[in-house]
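Here's a quick briefing to read alongside the structure. Have the viewer open and click through the residues as they come up.

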Amino acid sequence: MTKIKLGPADFAEKEMRGYEVGKRNVCIAKIHGRYKGLDDWCNHAGCLLSGGRIEDNMVVCPCHEVGFDMDTGRNETSPGVCDDQPTVTVEVQDGALIVDLP
């Protein structure tokens with residue numbers, strides 16, 4: 001695993017941001033006081049999930065309204081349409097967001 005520093009852990013509740021990390025993009029959100037992360041490119045049509053919205057514990061893709069659970073990556077709304085999203089582990093160290101990437 002590679003630990004990568006993204007930036008300050010200064011999100012408001014239900015705020016979401018996308019980050020480029022090498023050849024990947026990750027979507028980070030703060031939900032119920034915890035930082036959570038998924039691959040940002042929706043596996044359905046390649047839209048950026050970080051351009052969508054948060055509903056409860058899901059990020060909803062802006063293109064086709066597919067909702068993914070931010071803890072498990074599970075496709076909660078349209079299981080037959082596309083796969084689950086890969087998750088990333090997010091932690092806060094010294095006020096900064098750190099992700100673990102394989």
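Strands here are DSSP runs of E at least two residues long, and helices are runs of H or I of at least four, numbered from the N terminus. With that in hand: this is a predicted model, and over residues 3-99 the chain is 47% strand and 0% helix, with the end C-alpha atoms 6 Å apart. That stretch matches a UniProt record, an unreviewed entry, which places the feature "domain: Rieske" at residues 3-99.

**Nonpolar cores**
- The largest nonpolar core holds 15 residues, and L49, V59 and F68 have the most contacts inside it.
- Strand β3 is the top contributor to this core, giving three residues.
- A second core, separate from that one, has 12 residues, among them L6, V26, V90 and V99.
- Back in the largest core, L49 touches V59 and F68, and its other contacts beyond four places in sequence include M16, C27, L38, C61 and P62.

**N25 and D40, two polar residues tucked away**
- N25 sits in strand β3, which spans residues 24-31.
- N25 counts as buried because its relative accessibility is 13%, under the 20% cut-off.
- The side chain of N25 makes a polar contact of 3.0 Å with the side chain of W41.
- Further along the sequence or back from it, N25 is also in contact with residues including Y19, E20, D40 and L48.
- D40 belongs to the loop between β4 (34-39) and β5 (53-55).
- What does D40 do for a charged partner, given that it is buried? It has no salt bridge, and R24, the nearest side chain of opposite charge, is 11 Å away.
- A polar atom of the D40 side chain does lie 2.7 Å from the backbone nitrogen of S50.
- Among the residues D40 touches are G18, V26, C27, C47 and L49.

**Salt bridges**
- Side chains of opposite charge can pair when their charged atoms come close.
- The model has 10 salt bridges in total.
- D100 and K3 form one of them, with the closest N and O atoms 3.2 Å apart.
- This pair ties together distant parts of the chain, with D100 in strand β9 and K3 in strand β1 (residues 2-8), 97 residues apart.
- D100 is buried at 13% relative accessibility, whereas K3 is partly exposed at 48%.
- K3 and D100 also belong to a salt-bridge network with E91.
- K36 and D71 meet in another salt bridge, 3.1 Å from N to O.
- Here too distant parts are linked: K36 is in strand β4 and D71 in the loop between β7 (67-69) and β8, 35 residues apart.
- K36 is buried at 6% relative accessibility, while D71 is partly exposed at 38%.
- R17 pairs with D10, their closest N and O atoms being 3.0 Å apart.
- R17 is partly exposed at 24% relative accessibility, and D10 is partly exposed as well, at 45%.

**Backbone oddities**
- Most residues other than glycine have a negative phi.
- H32, in the loop between β3 and β4, has a positive phi of about 55° without being a glycine.
- D94 also has a positive phi, near 50°, and lies in the loop between β8 (87-93) and β9 (96-101).
- Are these two residues buried or exposed? H32 counts as exposed at 63% relative accessibility, and D94 counts as exposed at 86%.

Key. Residues numbered from 1 in each chain as written. Predicted model: local features only at pLDDT ≥ 70, side-chain atom pairs only at ≥ 80, totals over all residues. Heavy atoms only, no water. Buried < 20%, exposed > 50% of the residue type's maximum accessible area, 1.4 Å probe, protein only. Polar contact = N/O pair within 3.5 Å; in protein donor to acceptor, adjacent residues only side chain to side chain. Contact = heavy atoms within 4.5 Å. Lys, Arg positive; Asp, Glu negative; His and termini not counted. Salt bridge = Lys/Arg side-chain N within 4 Å of Asp/Glu carboxyl O. UniProt positions renumbered as here; feature names shortened; annotations may be inferred. Core = buried A, V, L, I, M, F, W, Y, C linked by side-chain atoms within 4.5 Å.
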